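Here's a walk through one protein chain, from the overall picture down to a few backbone details. Keep the viewer open and follow along.

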Amino acid sequence: MFKRGIIAIIAGLLLVAAPAASAADRDYAGVALNVIPSGQYPGLGAPPGADVAAQARLYDGLTPLFDRVSTKDLSKYFKSERFGVSTDGPGTNEPVPYPGVTITRDSYNVPHVDSDTYTGGIWASGWIAAEDRGLLLSQARYNARVAAIGAPGLSAIGLVTGLKNFVPSAATEAVVARQTQVLERRGREGRAVLRDIDTFVSGINAYNDVNNPGTTPFTRNDIFALNALKGQFLGQGGGDEGRRSQFLGGLQQRLGKRKGKTVFNDLSQHTNPGSPTSVDGVFPYEPISPTARGSVVLDPGSYTPTPAASVGRKASPPPIQASNELMVDGDHSVTGKPLLVGGPQIGYFYPGLTYEIDMHAPNLVWRGATSAPFPGYLLIGRGQDFATTLTSASGDIIDQFAETLCGGSDHKYVYK
């Protein structure tokens, strides 16, 4: 897997509103366009005649235009993201060993899935993952365990891009496997995700049985780990509690305990009632427990961070990235229809971390970019009456804890 520099993956969507009731698979988009520079290609490379750089050249032509992109340029530098093969035909059917499932490839090699059943759609996404991102899956499946267990000083994506090999121990596998219990505790929703993962894995293994015999069968652990890799690479943030706690301590010393905490909360803007939203309802994003153990307020200047011990060569952290999103509601657009343009910065790799599917199955109607460990789910793209993109993540998934040290030791602390 070779990294070609950080550039944006663009999913540009201009959509019309949908009525309350809609016919199955009806496409309500007035205009739907995208370009995914990493492209779509099968197996370890490309078939004879396939142009894996086709979308990269579109993006390369689009980038220098910057803020001078015209309406004419949209159809020149983007391809269609409408449902079906559309203008990117003719389509070529790909035989698959699953009744009721049809996969049709367009001129960009994007797979268009038609399935009689929900399960068939999930299975097809696994088949496509193995076919279009087999090299990535084989190189990343074990290295991804590094992200799943949080090995100090190691970057899973660094191991993958460096063509390194991590050999997981039985203890590592046991830790990764705990995710099954985590999902089971989520009730019906969690059990449904586990069923999807199992179906997705069966699609991966079915492809390998036919095309790569002898491949060690994929398991739930592979999918858990690959999702952890994605989280570590794109969504890992936090770990700044020590510095921020000192800042809170300074505010409270100056302003008093209650007022200092109020100012701290205002500055953090963790939950801001004035933040714009695009969907109805609310959900608990990174909830904070005021009674959580370890929520100690540090005196200013009392803490100095010490880097984690490196194990081997530590990969350089990726540069800070920023995604772009433009949304205009129907009341403010010239056409009277809502618009969405998304430019998520998730890097440009070969094989790509993302790839495209046009999915049509019961309760699975979407087109856009998905991710190698996603069991038939949309990452960036659109459904019949909605569009979604990805912005900078960096969720707070790293924590610093205050522990009582043993005696005069600088390394040992009281456990439990």
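The report below starts with the whole chain and then moves through a sheet, its hairpins, a helix pair and an unusual peptide bond.

## The chain as a whole

First off, this is a predicted model. The protein chain carries 11 helices and 16 strands. Of its 416 residues, 39% count as buried. The accessible surface adds up to about 23,400 Å², and 56% of that belongs to carbon and sulfur atoms.

Contacts between residues well separated along the sequence are well represented here. If you take the contacts in the protein chain with a separation of 6 or more, residues 24 or more positions apart account for 64% of them.

## A seven-stranded sheet

Go to the open sheet of 7 strands, and read across it in the order E5-E6-E7-E12-E13-E14-E15. The pairing is mixed. At the two edges sit E5 (92-94) and E15 (387-388), each of which pairs on one side only.

Helix H3 (residues 118-132) packs on this sheet. H3 touches five of the strands by name: E5, E6 (101-105), E7 (111-115), E12 (354-361) and E13 (364-371). The direction of H3 makes about 155° with that of E12.

## From E6 to E12

Start with E6 and E7, which pair antiparallel over 5 bridges. To find the register, look for Ile-103, whose bridge partner in E7 is Val-113. The two strands form a hairpin with 5 residues between them.

In that turn is Asn-109, with a positive phi near 70° even though the residue isn't glycine. Is Asn-109 buried or exposed? Its relative accessibility is 16%, so Asn-109 counts as buried, the cut-off being under 20%.

On its other side, E7 meets E12, and here the pairing is parallel, over 3 bridges. His-112 has Asp-358 in E12 as its bridge partner. E7 itself is largely enclosed by the rest of the structure, because 4 of its 5 residues are buried.

## From E12 to E15

E12 and E13 run antiparallel and are joined by 8 bridges. One handy marker is His-360, which has Val-365 in E13 as its bridge partner. The hairpin of these two strands has 2 residues between them, and Asn-363 takes a positive phi near 65° there. Asn-363 is another residue other than glycine with phi on the positive side. How does Asn-363 sit, buried or exposed? Its relative accessible area is 75%, so Asn-363 is exposed, for which the cut-off is over 50%.

E13 is largely enclosed by the rest of the structure, because 8 of its 8 residues are buried. E13 is joined to E14 by 3 bridges, and the two run antiparallel. Gly-368 stands opposite Gly-381 in E14. E14 (residues 380-382) then connects to E15 through 2 bridges, also in the antiparallel sense. Gly-381 turns up again in this pairing, with Thr-388 in E15 as its bridge partner.

## Two crossing helices

Next, find helix H7 (residues 170-184) and helix H9 (residues 220-234). Which numbers describe a packed pair of helices? The angle between their axes and the distance between the axes do the job. H7 and H9 pack at an angle of about 90°, with their axes 9 Å apart. That angle makes H7 roughly perpendicular to H9.

Which residues in H7 and H9 meet? On the H7 side they are Glu-173, Val-176, Ala-177, Gln-179, Thr-180 and Leu-183, and on the H9 side they are Arg-220, Asn-221, Phe-224 and Ala-225. By type, the residues of this contact divide into 5 nonpolar, 3 polar and 2 charged.

## A cis peptide bond

One last backbone detail to check in your viewer is the peptide bond from Gly-89 to Pro-90. That bond is cis, with omega near 0°. Pro-90 lies in the loop between E4 (79-80) and E5, and E5 brings you back to an edge of the sheet.

Conventions: Residues numbered from 1 in each chain as written. Predicted model: local features only at pLDDT ≥ 70, side-chain atom pairs only at ≥ 80, totals over all residues. Heavy atoms only, no water. Pairing = 2+ DSSP bridges. Contact = heavy atoms within 4.5 Å. Axes fitted to C-alpha atoms, helices over the stretch in contact; angles between N-to-C directions. Parallel < 35°, antiparallel > 145°, perpendicular 65-115°, else oblique. Nonpolar A, V, L, I, M, F, W, Y, C, P; charged D, E, K, R; others polar. Buried < 20%, exposed > 50% of the residue type's maximum accessible area, 1.4 Å probe, protein only. Areas by Shrake-Rupley, 256 points an atom, 1.4 Å probe, with all protein chains shown as cover.
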